[in-house]
Amino acid sequence: MDDFFQALRDDHSDFDKGKLESHMGDAPFEMFFAWYKDAFDKENEPNAMTISTVNKDGAPSSRIVYLKECSSEKFIFYTNYKSQKGKDIESNPNVSLLFFWPQSQRQIRIDGLATKVDSKLSDEYFASRPRASQLGAWASHQSEVLESRDVLEKRLIELNEKYPNAVPRPEHWGGYQVFANHIEFWQGRPSRLHDRFVFQLVDDKWKVFRINP
């Protein structure tokens with residue numbers, strides 16, 4: 001194991017796949033869509049993103065979720081409202097999203113406020129999910145202590161019998177929309193002198209500036 005970590009310590013591969021010499025005006029979402037389109041062709045699961053939340057005691061936590069929709073002002077994902085992230089958002093709606101695309105040597109960090117989407121939108125998305133995923137949303141008491149795997153699988157069997165046809169959306173499951181107020185585009189560069197451009201929302205207008213790597 002010591003040799004393994006020695007190899008990690010001595011790995012000094014450089015970043016040389018792109019540059020970000022200028023930004024795209026004052027429209028961060030246009031830039032996001034351009035980078036996402038590029039990542040869609042190069043990356044595995046480009047819509048996977050880390051979401052970081054802070055609980056009522058000020059302790060942060062992070063996990064991976066999937067971006068499902070994006071417009072010119074918000075990023076949408078779906079989850080269990082009773083999960084740890086849901087409870088965190090209820091007490092503190094400030095969240096941070098992070099996309100990491102290693103093949104492109106790019107990152108995008110998005111800070112903003114999370115709120116629940118309209119129930120109709122959650123209904124429409126839930127209806128589009130495979131039946132197994134719909135039942136799973138009912139079966140999992142997300143983030144709660146689980147006695148055993150058998151308990152979870154028994155719940156799934158019971159739910160499959162309870163809902164032989166259409167599976168309704170649980171009230172505790174739905175979407176969140178993150179309204180961005182800070183978006184950073186990071187492009188890896190040689191010698192760790194990375195390009196970083198920040199879009200900061202000030203008085204409903206995007207202020208753009210470069211920051212040190």
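How many helices and strands does the protein chain have? This predicted model has 6 helices and 9 strands in its protein chain.

**View 1. The whole protein chain, for orientation.** Before zooming in, here's the overall picture. The C-alpha trace spans about 60 × 50 × 40 Å along its principal axes. The protein chain has 213 residues, and 37% of them count as buried. Its accessible surface comes to about 12900 Å², with 50% of that belonging to carbon and sulfur atoms. As for contacts with a separation of 6 or more, 63% come from residues 24 or more positions apart.

**View 2. Helix α5 meets helix α6.** Here α5 (residues 131-139) packs on α6 (residues 149-162) at an angle of about 120°, the two axes lying 9 Å apart. That angle makes α5 oblique to α6. The crossing is a right-handed one. On the α5 side, look for Arg 131, Leu 135, Gly 136, Trp 138 and Ala 139; on the α6 side, their partners are Leu 152, Arg 155, Leu 156, Leu 159 and Asn 160. Sorted by class, this contact between α5 and α6 has 6 nonpolar, 2 polar and 2 charged residues.

**View 3. The buried residues of α5.** Staying with α5, we now pick out its buried residues: Gln 134, Leu 135, Ala 137 and Ala 139. What do these buried residues of α5 pack against? The list is β4 (74-80), α4 (119-128), α6 and β7 (173-187). Leu 135 and Ala 139 are worth a second look: both are buried, and both are in the set from α5 that meets α6.

**View 4. Two loop residues at either end of α6.** Val 145 sits in the loop between α5 and α6. Is Val 145 buried or exposed? Val 145 counts as exposed, because its relative accessibility is 83%. Val 145 and Phe 126 are 19 residues apart along the chain, and 25 Å separates their C-alpha atoms. Ala 166, meanwhile, belongs to the loop between α6 and β7. With a relative accessible area of 64%, Ala 166 is exposed too. Follow the chain from Ala 166 back to Gln 134 and you cover 32 residues, yet C-alpha to C-alpha the pair is 9.5 Å apart in space. Gln 134 is one of the buried residues of α5.

**View 5. Trp 35 and the residues around it.** Trp 35 is part of helix α2. Its relative accessible area is 6%, so Trp 35 is buried. Which residues does Trp 35 touch, once those up to four places away in sequence are set aside? They are Leu 20, Trp 101, Arg 106, Gln 107, Ile 108, Phe 185, Trp 186 and Gln 187. For a sense of distance, Trp 35 and Leu 193 are 158 residues apart along the chain, with 20 Å between their C-alpha atoms.

**View 6. Arg 196 in strand β8.** Arg 196 has its place in strand β8. Leaving out neighbours within four places in sequence, Arg 196 is in contact with Glu 184, Phe 185, Trp 186, Phe 209, Arg 210, Ile 211, Asn 212 and Pro 213. Take Phe 209 from that list: Arg 196 and Phe 209 are 13 residues apart along the chain, and their C-alpha atoms are separated by 8.6 Å. Phe 185 and Trp 186 may look familiar from the previous view, as Trp 35 touches them and Arg 196 contacts them as well.

**View 7. Positive phi at Glu 45 and Arg 192.** Some background first: most residues other than glycine have a negative phi. Glu 45 goes the other way, with phi near 55°. Where is Glu 45 placed? Glu 45 is in the loop between α2 (28-42) and β1 (48-54), and at 42% relative accessibility this residue counts as partly exposed. Arg 192 isn't a glycine either, but has a positive phi of about 65°. You'll find Arg 192 in the loop between β7 and β8 (195-202). Arg 192 is partly exposed, with a relative accessible area of 39%.

Conventions
Residues are numbered from 1 along each chain as its sequence is written. This is a predicted model: local features need pLDDT of at least 70, side-chain atom pairs count only at pLDDT 80 or more; totals for chains, interfaces and linings use all residues. Side-chain values use heavy atoms; hydrogens and water are left out. Axes are lines fitted to C-alpha atoms, for helices over the stretch in contact, and angles run from 0 to 180 degrees between N-to-C directions. Helices (H or I, at least four residues) and strands (E, at least two) are DSSP runs, numbered from the N terminus. Angles under 35 degrees count as roughly parallel, over 145 as roughly antiparallel, 65 to 115 as roughly perpendicular and the rest as oblique. A crossing is left-handed if the near helix is turned anticlockwise from the far one by less than a right angle, and right-handed if clockwise. Contact means heavy atoms within 4.5 Å. Ala, Val, Leu, Ile, Met, Phe, Trp, Tyr, Cys and Pro count as nonpolar, Asp, Glu, Lys and Arg as charged, and the others, Gly among them, as polar. Buried means under 20% relative accessible area, exposed over 50%, partly exposed in between (1.4 Å probe, protein chains only). Accessible areas come from the Shrake-Rupley method with a 1.4 Å probe; for residues, only the protein chains shown count as cover.
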